[in-house]
Amino acid sequence: MTLLVGIVCDGGAVIAADRQASHGTFGNVTVGHQVSKISTIGGNTLFASSGPVGLSQQYASVFQGELPQFKNRNYSGLATLLQKKIREILDPALQTAGHAARVIGQAAQSDVLCSSLLATEFKDGLQLIEISAQGGFECLTPQLPYVCQGSGKQNADPFLAFIWSVYFGSSRPNINEATLAAYWTVKVA
């Protein structure tokens with residue numbers, strides 16, 4: 001199971017993740033490793049990814065290269081550029097997986113199903129961005145203050161929604177509360 005949880009809170013954003021990395025062949029897991037799925041880029045940017053490590057590393061490289069622009073530009077002005085650069089990596093990988101699927105079946109797609117979270121500060125403030133498996137970007141907002149990604153999503157979503165309705169209802173959690181909610185969700189799911 002893979003699970004990423006991202007929460008926008010008063011004073012910042014929180015990202016939590018499980019620690020299981022799986023390796024295998026043709027869709028069958030053969031080896032599991034304990035890893036950290038969350039990395040720091042620069043001094044204050046968090047990046048987490050579920051799915052193939054190779055794509056995650058390439059995405060992180062894009063964000064590392066664009067990091068100097070983050071504080072000088074608004075998110076809306078930079079989002080299109082970031083999305084374009086991510087899709088320049090993703091599109092050839094999807095095409096290759098499509099070719100490989102003719103030979104090895106749907107297992108070929110597991111190498112390109114990568115979704116990510118990016119928390120960083122732009123000129124217009126801190127943003128927590130969900131990056132879909134198709135390379136789409138969506139900023140979390142007060143109306144959409146949290147997200148779960150990965151194969152554990154179907155277990156995590158209802159649990160986090162329950163926690164949210166009981167504890168936070170109409171207010172945003174502080175950073176300590178968001179950390180607890182994210183950790184608790186990962187542990188339960």
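This is a short walk through the structure, one selection at a time. Keep in mind as you click around that the model is predicted.

**Stop 1: the β1–β2 hairpin**

Start by selecting residues 4-9, strand β1, together with residues 12-17, strand β2. The two strands run antiparallel and are joined by 6 bridges. For one facing pair, pick G6 in β1 and look across to I15 in β2. Just 2 residues sit between the strands of this hairpin, and G11 in the turn has a positive phi of about 90 degrees.

Now stay on β2. Is it enclosed or open? Largely enclosed by the rest of the structure, because 6 of its 6 residues are buried. Both faces are covered: colour G12, V14 and A16 for one side, then A13, I15 and A17 for the other.

**Stop 2: from the hairpin loop to R172**

Next, show the side chains of D10 and R172. They make a salt bridge, with the closest N and O atoms 3.4 Å apart. D10 belongs to the loop between β1 and β2, while R172 belongs to the loop between α3 and α4, so the pair links parts that are 162 residues apart in sequence. Both ends are partly exposed: D10 has a relative accessible area of 43%, and R172 has 33%.

**Stop 3: two more salt bridges**

The whole structure has 5 salt bridges. Select E66 and K85 for another one, where the closest N and O atoms are 2.6 Å apart. E66 is in helix α1 (residues 53-70) and K85 in helix α2 (residues 75-104), so this pair ties together parts 19 residues apart in sequence. E66 is buried at 7% relative accessible area, whereas K85 is partly exposed at 29%.

Then move to D157 and K153, whose closest N and O atoms are 2.8 Å apart in their salt bridge. This one stays within helix α3: the partners are 4 residues apart, about one turn of the helix. D157 is partly exposed at 25%, and K153 is partly exposed too, at 33%.

**Stop 4: the aromatic cluster**

While you're at α3, show Y146, W164, Y167 and F168, which form one aromatic cluster. Across the whole structure there are 7 aromatic pairs. Zoom in on Y146 and W164: their ring centres are 4.9 Å apart and their planes sit at 45 degrees, so the pair counts as tilted. Y146 comes from strand β10 (residues 146-149) and W164 from helix α3, so the contact ties together parts 18 residues apart in sequence. Both Y146 and W164 are buried.

**Stop 5: a nonpolar patch on the surface**

Switch on a surface and select F162, V166, Y167, L180, Y183, W184 and V188; together they make a nonpolar patch of about 770 Å². Helices α3 (153-168) and α4 (175-188) each supply at least two of its residues. Which helix gives the most? That's α4, with 4 residues. One to click on is V188, in α4, which is partly exposed at 47% relative accessibility.

**Last stop: the cysteines**

How many disulfides should you look for? The count is 0. Select C114: its sulfur is 17 Å from the closest cysteine sulfur, in C148, so a bond is out of reach. C114 is buried, with a relative accessible area of 0%. C139 is in no disulfide either, and its nearest cysteine sulfur, that of C9, is 14 Å away. C139 is buried at 17% relative accessible area.

Conventions
Residues numbered from 1 in each chain as written. Predicted model: local features only at pLDDT ≥ 70, side-chain atom pairs only at ≥ 80, totals over all residues. Heavy atoms only, no water. Patch = residues over 30% accessible without salt bridge, like charges linked within 9 Å, V, L, I, M, F, W, Y side chains within 5 Å. Areas by Shrake-Rupley, 256 points an atom, 1.4 Å probe, with all protein chains shown as cover. Salt bridge = Lys/Arg side-chain N within 4 Å of Asp/Glu carboxyl O. Buried < 20%, exposed > 50% of the residue type's maximum accessible area, 1.4 Å probe, protein only. Phe/Tyr/Trp six-rings, centres within 6.5 Å; stacked < 30°, edge-to-face > 60°. Disulfide = S-S within 2.5 Å. Pairing = 2+ DSSP bridges.
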